[in-house]
Structure formats: structure tokens, C-alpha cells
Amino acid sequence: MSQVQEFEKALANSETSVAAFDEHGTSLVKRIQHFLHSTPAAVPLIVLVLSIAVFGVTIGGRFFSSYTLTLILQQIAIVGILGAAQTLVILTAGIDLSIGVIMVISAVIMGNCAVTYGLPTLLAVVIGLAAGAACGLLNGLLVAYMKLPPFIVTLGTWNIVMATNFIYSANETIRDADVDVQAPLLHLFGLNFRIGTAVLTFGVIAMVVLVLILWYVLNHTAWGRHVYAVGDDPEAAKLSGIQTKKVLISVYTLAGLIAAFAAWVSIGRNGSISPSAAVTDYNLQAITATVIGGISLFGGRGSILGTLFGAMIVGVVSMGLNMLGADPQWKVLLTGVLIIGAVAIDQWIRKVSV
């Protein structure tokens, strides 16, 4: 008992204050980290505003004109929509390398059904959308049930869909004039309207509306929370009762459907329908917009609004350098810098959540 009493006496004289950490000098940095972690779209928005300001000062009033700024939006409409599809997949800690070719084959199917086969244009669009969703469903089944790595799965389906695209179409382009005469509805998203000197297309409106709808779904529905949970920690999500396989399948299927929708927008933007567009790096552009937009490649973090800002950053840089008459390779160089910077910032922000 005497030993116990001596121990209690020692405790009575000991320090009772709670341990505290001196945050002087680092508190501001910590607050910035917490802010960026809780507002993932803030970084790309800041970069976008700075980019516009820099090119505006360098080029002058021409760059700040409503015509120039809305032209940028027209140019990024397709990539913005594909970026939205890619965002859904990356939020689950996956990646879809087949997004671009799914868009192209969906456009080819829409064009052939409407122009070559003479089907009603609306039915042709539905068939094209269904084809895109089917491609996404295949990716989802292989990832969710066969547990194959998304990179390998979509690399394989990228080759399959691309080959199917060329075999099915015989690499024949459907001319703009033929689409105009037989299926003008396919050019719907290429139609434009003016608001003062600003020129907007229905494709731009479609991109913005799609991103806003997906933002709401991801932030205010159970399905959206499940998507983030699966990307953050699939095992914990499964233990909490989330059906991770169904979530993955729904994400990849929706991504394929959105890619097919991008096909409809691309027909309006490009006029003609060319199977050889499959070799264009649409998918790389979509991934670039997503990464620059602050979507973490590790899954579970980011805002789809950031993807829209990321696409706009690339568009602003491209337009600004074109107006300055710079070598096109500067765009490639700056894009690479932005990608590495975005990943570095994501790693830095993630440290605060540990």
C-alpha cells in the first residue's frame, strides 16, 4: 500500500496541462491546406483566374472580349464532357482509357443509323447512346467482377473498340452535307445563339448543365457518397454495407453513356463524322483536364467542378498562346507543367487529412 500511496503523491505533483503543439509560423500554411482539402475546386479556379489575368494583361482587351472567352468554351465542350465521364471513373480510383474511342464509335453508329440506314434520327441517337453505355458496362463488369486492373481492362477495350470502329465503318467518313440533309438533328449541339457579342453553342450549354447535374448527384445523393467511399477505401465501403461492385458497374456504364453523349455534341461541333477521329488524343485531353482540375488519381477526392475549370485552363492557355503567335509546343510544355503541379499539390493537400 505504501508504494501505491507514494505513486499517488508523485502523480499529485505532476503536470496536468494538456499537451499543446506550437503552430506559430505554420498555422497559416495549415489553414491553407485545410481550406484546399475541403474545397478541392479552389486550386484549379485560382489557376484559371490567374491564367486569364496573365494573358489578359499580355494580350490586352482582345483576350478579355466576350467573343474570345466564349470561343474558348466552344473549343473545350467535347473535352469537358469527356472529362466529366473520366472524373466519375477516377473518383473510384480507376481510369478509363477507352473513353475517347467509345465517343467515336458512338458517333459513327449514330451517323450510319441515321444517314446510311435511314432510321429516324432520334432512334439513331438512342442506339448510339446505348452502344456507348454497353461499352462502359463491359468495362465495369470486367473491373468489378473479374477484379482486373482498370488500366489493363480499358487499354484492352480501347484496342477492341477502335478496331471495331474501323471494321464497322470501313473507315468511310459521313459528309457534313449528308448529315445536314438527312439527319439535321445530329447537328443540334452545333447550333449557336448570341448574347450581345458572346456566341454560345448548345454544346457549351450541354457541357455546363451536365457538370452541374453531376455535381449535385455526387454531393447530394447516396450514390454520389458511395462513389467517393469506394474510391477512398473500397474495403471500408464494403464493410459499411455499400455494394461496391454495383457502384463500379454503374460508374463505368454512366461514363460510357456520357462519352456517347459527347459523340452527339462532337457531330454538331465537327459537322462530318469520321472514324479516323479515333486516333485523336481525346482521352488524353480528358485525363489532362481531370488531373489539372484537382481530381486525385488515388480516388475518393476532388470536385467535378474542378474538371470543368481544368478544361478551361487548357483552353485559355491554348487560346492565349495562339493569339501571341507562340510555338504550339509551348502549349504542350505548359500542360505538362500543370499536370505535374496538380499532382504535387494533391499530394501536399492529402498530408493534412492524415
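This passage describes the fold, the nonpolar cores, the largest pocket and selected residues of a predicted model.

The chain comprises 354 residues, of which 47% are buried, and its secondary structure consists of 16 helices and two strands. Taken along the principal axes, the box filled by the C-alpha atoms is roughly 100 × 55 × 35 Å. Among the contacts of the chain with a separation of 6 or more, 76% join residues that are 24 or more positions apart.

The largest nonpolar core contains 91 residues, and those with the most contacts inside this core are I81, L82, M103, M110, L186, F261 and I273. The element that gives the most to this core is helix α13, spanning residues 244-270, which contributes 15 residues. One of the residues with the most contacts inside the core, M103, illustrates how the partners are distributed along the sequence: once neighbours within four places are left aside, M103 is in contact with I78, L82, A259, A262, A263, S266 and Y282. A second core, separate from the one just described, has five residues, including I95, L97, I287 and V291.

Helix α3, formed by residues 42-59, was examined for its length and for the burial of its residues. With 18 residues and 1.5 Å a residue, α3 should span 26 Å, and the distance between its end C-alpha atoms is 26 Å, so the expected and computed values agree. The buried residues of this helix are A42, V43, P44, L48, S51, F55, G56 and I59. In an α-helix, which has 3.6 residues a turn, residues three or four places apart point the same way. Buried positions in α3 that can be read with this in mind include L48, S51 and F55. Directly after the helix comes G60, whose phi is positive, near 105°.

Several of the residues of α3 also appear among the partners of I313, a residue of helix α15. Apart from residues up to four places away in sequence, I313 touches P44, V47, L48, S51, I292 and L338; of these, P44, L48 and S51 are among the buried residues of α3. I313 itself counts as buried because its relative accessibility is 0%, under the 20% limit. The C-alpha atoms of I313 and I81 are separated by 15 Å, although these residues lie 232 residues apart along the chain. The contact between I313 and L338 leads to helix α16, where L338 is placed. With a relative accessible area of 22%, L338 is partly exposed, and its contacts, leaving aside neighbours within four places in sequence, are with V47, I292, I313 and V317. Both V47 and I292 are therefore found in the contact list of I313 and in that of L338. Between the C-alpha atoms of L338 and A289, which are 49 residues apart along the chain, the separation is 10.0 Å.

The largest pocket has a volume of about 530 Å³. Its lining is made up of 20 residues, and the closest of these to the pocket centre are V79, Q285, V314, S318 and K331. Helices α5 (66-91), α13, α14 (282-292), α15 (304-324) and α16 (329-351) each supply at least two residues of this lining. Helix α13 thus takes part in the lining as well as giving the most residues to the largest nonpolar core.

A search of the whole structure finds one salt bridge. This pairing joins D178 and R175, with the closest N and O atoms 3.1 Å apart. D178 is partly exposed, at 23% relative accessibility, whereas R175 is exposed, at 52%.

Positive phi values also occur at residues other than glycine, among them A93 and K147. For A93, phi is about 70°, and the residue is located in the loop between α5 and α6, the latter helix covering residues 99-116. The relative accessibility of A93 is 40%, which means that this residue counts as partly exposed. For K147, phi is near 55°, and the residue lies in the loop between α7 (121-144) and α8 (150-169). K147 counts as exposed because its relative accessibility reaches 58%.

Terms used
Residues numbered from 1 in each chain as written. Predicted model: local features only at pLDDT ≥ 70, side-chain atom pairs only at ≥ 80, totals over all residues. Heavy atoms only, no water. Core = buried A, V, L, I, M, F, W, Y, C linked by side-chain atoms within 4.5 Å. Buried < 20%, exposed > 50% of the residue type's maximum accessible area, 1.4 Å probe, protein only. Helix = DSSP H or I, 4+ residues; strand = E, 2+ residues; numbered from the N terminus. Contact = heavy atoms within 4.5 Å. Salt bridge = Lys/Arg side-chain N within 4 Å of Asp/Glu carboxyl O. Expected span 1.5 Å × (residues − 1). 1 Å grid on protein atoms, 1.4 Å probe; cavity = no way out; pocket = protein on both sides within 12 Å on 5 of 7 lines; lining within 4 Å. Points joined across faces, edges and corners; volume = space filled by probe spheres on them.
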